[in-house]
Each structure stands twice: as C-alpha cells, then as structure tokens.
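Reader: I've got this model open in my viewer and I'd like a close look at one part rather than the grand tour. Could you walk me through a helix and whatever it packs against?

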Amino acid sequence: MEKISKVLIANRGEIALRIIRACKELEITSVAIFSEVDVEGLWVRKADECYPIMGDVIKAYLDYEVIISIAKKANCDAIHPGYGFLSENADFAKACEENGLIFIGPKPDHIALFGDKMASKVAMKKVGVPVLEGTDEPIEDKKEAKKIAAEIGFPVIIKAAFGGGGRGMRIVRAQKEFDSMFDSATNEALKFFGNGQVFIEKYVENPRHIEVQIIADKYGNVIHLGERDCSIQRRHQKVIEISPSPRLSQDVRKELYRISTKAMFKLGYESVGTVEFLVDEADNIYFIEMNTRVQVEHPVTEITSGIDIIQRMIEIAAGDKMKYMQEEINFRGYAIEFRINAENPQKNFMPSSGTIEKYLTPNGPGVRLDSAAYTGYKVPANYDSMIGKLIVWALDWDGTVRKARRALDEFVLEGFPTNIELHREIVRDEDFKEGNLTTSYLDKKMDLFT
Ligand code: ADP
C-alpha cells in the first residue's frame, strides 16, 4: 500500500481505537483528535500522534474544516471517519478529496445517493433488488400522503428520508392515526436531521433484519462477507447482532448475497458497505437501506469470515486490489455481539454516565472486547451511550450461546447503570436460544426482562 502511510481518525471511543489497531497492523501512522472532555480517552493515548479540538465538544468531531486542516498540518494522506459523525457526509468526503486527502470510504456520490433512503430504494430497484411498496418521491401534502397510505394498505410506516438510528419513523396501523403520526414523523425528522422530508412504505409485521456485508474495490471486484442478523432491537435500534443468522434458509441466504453483490457491482460501489433487508415470515426479502460506512457490528463478520474489514477498507481506499476473493473466504461458526451501553434499563434506558470504578472484563477462548473503557475512565455524558462491544464466537450455535452466558457473567462494570444484566437475561431466554428472533422480539419481552 503505497498511497497511505499516515491516517487521521475523525472519531472517538471504541471505533477510534479499533481503527488505530488496524493502522498499527498495517504499519500506518495513526493520528487521533479529541475534544475537551475526551482528554483521557484511551484512543488518544494509543495513537501515534494526537491533536485537541477546543470548543463545542460535539462539534469537535463534526467540524470538517478544522479536522482537514489538522490532517494537512500533520502530513496525513488519508482520513478514516469511523461511524456516525462525518462518516456519511458526502460534502466531507468531497472536501477531503479537494484537499488532497484520501477519504477512507466510498465515493461522495454514493454516500449522497444512499444517504437518501428514498433515492436509494429507487436506485436499488433499478438494479433488480426487491423493495417494499411505497412512495418514490417526498410527500409534503398530508392529504395526498394519507391517500397513498390507504392505497398501500395499513399498516404503513412513515420514515424520514434522511433518517438514521431508528429516529423519524412512525408505524401507522389505521387511517385515523395517520395525521398525527405524519406530523410527528416530519417534526422529528426536521429536529434530528435538519430535513423534514418523509416517505411512506408498507410496514412488515414481525420481520427479521438481515444485512449483507459487502467489500468492493476500485476495479469492479465485489465480494460479500456473509450476513448479520440484527433483529434484536429496541425501538428500531440494534442491541445484539449475530453472524450468520441462526435461522435463515440457505436459499434466502444465497439470494441475499447474489442480489447485494450484483447491485453493488452494477452501481459501481467502492469500499465496504452494508445492504440492509427485512425478511418477512414467508421469506420474502425487501431492501430497506444501504449503509456506506463501517458499521458498529462489523466484528461479528470479522470473526466468522477471518477478514479484517477496517484493514481491507484502508487498502481499497489506497487503490489496492481486493486482497481476498470470494473463493478464499471461508466462514466458520457463529459470532454474537452485545452492545454495552451506559444506560439504565430500570429508568426507560435513560443514558447514564460517570466514572468506571471497577472493570473486570471477560476473556478466554472465543471472546473479543472492542472498547475504549478502563478502570477510572470517566464516561462523558456528551456522546452516544455505547461504551463497548462484547463479541463471542464458537463453532456451533449452542456453544456460542453458552459462551455468551459465560462471558457476560464474567463482566464486572461498576460506577453507573449499564445494560449488561439485560444481555444476561436475553441469552437465557428460550426463544433466543432457539433463534426465534424478529424485530419485535425484544420489545415484546422487555417486561419479562426488566
Ligand atoms: P435507520 O436508518 O433509522 O436504522 P432503517 O430503515 O434501517 O432505519 O430501519 C430500522 C429498523 O426499523 C429495521 O431494522 C426494522 O426493525 C424497522 N423497519 C424499518 N422499515 C420497516 C418496515 N417497512 N416494516 C417493518 N419494520 C421496519
């Protein structure tokens, strides 16, 4: 890899540390940035160089002019955006290019296309990917919207066109609920995404959320690294992710791989990416969105495929050819990821924060922990509540479930409430063990668990 020898990491927390580790293994110099409240961040210490960004602590990781100027001053040749923050900002990717810096991710046009859920559905449909019935254009007129919803047939879901993180979505089960749901979806979209555009699509009852990990280089080589089952969600946000899906027919699996790789090839996609689908009870598959970044849940795929996704992402950005072709990828076993969140399940999952007083982490065979936490670390209240990810792996599903129980039981994290106990209860649940998982699994069971 000639073109990249020094990378600025435009992120924080566990993903910043994860990227630093990938850089070290590729013998690339890593440069960290940090806000005023992140001085004690582990990634700041582990990077080869670090630079503070003073002022607003959220803006620190979003102010791309400042970030680009640091990268240039530090003589970096590339920027890795991680997930969240600037990772899906097409203008940032473009600004990197204009400043002679490689953006480690897809082309700006692809980021922009897939950042618009409606436009991406249209584009994917054109290349043969099944999508849910719904509107192709933003609808502002409520009356018109209601008419369309009735034509599609209730239940429908109203979604923010530029949404994410489960926000700006409303399920409408009957016509009389439509008006108020439309207003609240639009308002939430405007509040969180600065754009109130919404669209409507058919709501699928009890689907599984299955997503395909893709890697594509600049020379038309597209491979998949298998699927992840992210059905365990709370309010449409992922809590546990599994690879491969414990209950997916081989036919459906193959079809998902085929249409995902074909679509990415036809659209000329480059870099890593995730094609997300819903699979209904009759095994029909529907594309819902494409994520143009490395995802939180990438480790389960790394473990089952043996491929370091971040390293390959950096190589591809540098213009290298795909290092491992499809025939060279061998999938082994099952991996489960548990998102460890600083939040209080007793208080409606309100984010918590504070100092980690005791921290004894699980270890041993088949256990991986991606986290930037340590004893004495003060978790700032300013950012996302996820403080790490516990990932377990074993050859068979039952063994993986038992390993998950063992590893979660070993986990000691004291100082503030977390969701570790919730995970312990989930992995002892019979339906979890049987792999009976749909996107409503956790919301339905929540009363039992907490
Ligand atoms: P976000 O970008 O906010 O994560 P997604 O479009 O990826 O939103 O959807 C997140 C989750 O919302 C899905 O995993 C699923 O649980 C639910 N969802 C989204 N669209 C539908 C739909 N049409 N029918 C049923 N559930 C849906």
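Which residues of helix H5 (residues 108–115) are buried?

Author: Quick caveat before we zoom in: this is a predicted model, where local features need pLDDT of at least 70, side-chain atom pairs count only at pLDDT 80 or more, and totals for chains, interfaces and linings use all residues. Numbering starts from 1 along each chain as its sequence is written.

Now to H5: the buried ones are His-110, Ile-111, Leu-113, Phe-114 and Gly-115. Buried means 20 or more other C-beta atoms within 10 Å of the residue's own, placed from the backbone. Helices (H or I, at least four residues) and strands (E, at least two) are DSSP runs numbered from the N terminus. As a reminder, an α-helix has 3.6 residues a turn, so residues three or four places apart point the same way.

What sits over those buried positions? The cover includes helix H4 (90–98), helix H6 (117–126) and strand S13, going by contacts (C-beta atoms, placed from the backbone, within 7 Å).

Follow S13 (residues 285–291) and you arrive at strand S12, its antiparallel partner over six bridges; strands count as paired if DSSP finds at least two bridges between them. One spot to click on is Val-275, whose bridge partner in S13 is Met-290. The two strands make a hairpin with five residues between them, and in the turn Asp-283 has a positive phi of about 70°.

S12 itself (residues 271–279) has eight of its nine residues buried, so the rest of the structure largely encloses this strand. It also runs antiparallel to strand S9 (residues 208–216), joined to it by nine bridges. In that pairing, Ile-214 has Gly-273 of S12 as its bridge partner.

The hairpin also leads to the ligand: S12 and S13 each give at least two residues to the shell around it. That shell has 18 residues, and the ones that come nearest are Gly-164, Val-204, His-209, His-236 and Thr-439; to be near, a residue needs its C-beta atom, placed from the backbone, within 6 Å of the molecule. His-209 falls within the residue range of S9.

Zooming back out, the chain has 15 helices and 22 strands. Of its 450 residues, 48% count as buried. The C-alpha atoms fill a box of roughly 60 × 50 × 50 Å along the principal axes.

Note on methods:
Buried ≥ 20, exposed ≤ 12 C-beta atoms within 10 Å, placed from the backbone. Contact = placed C-beta atoms within 7 Å.
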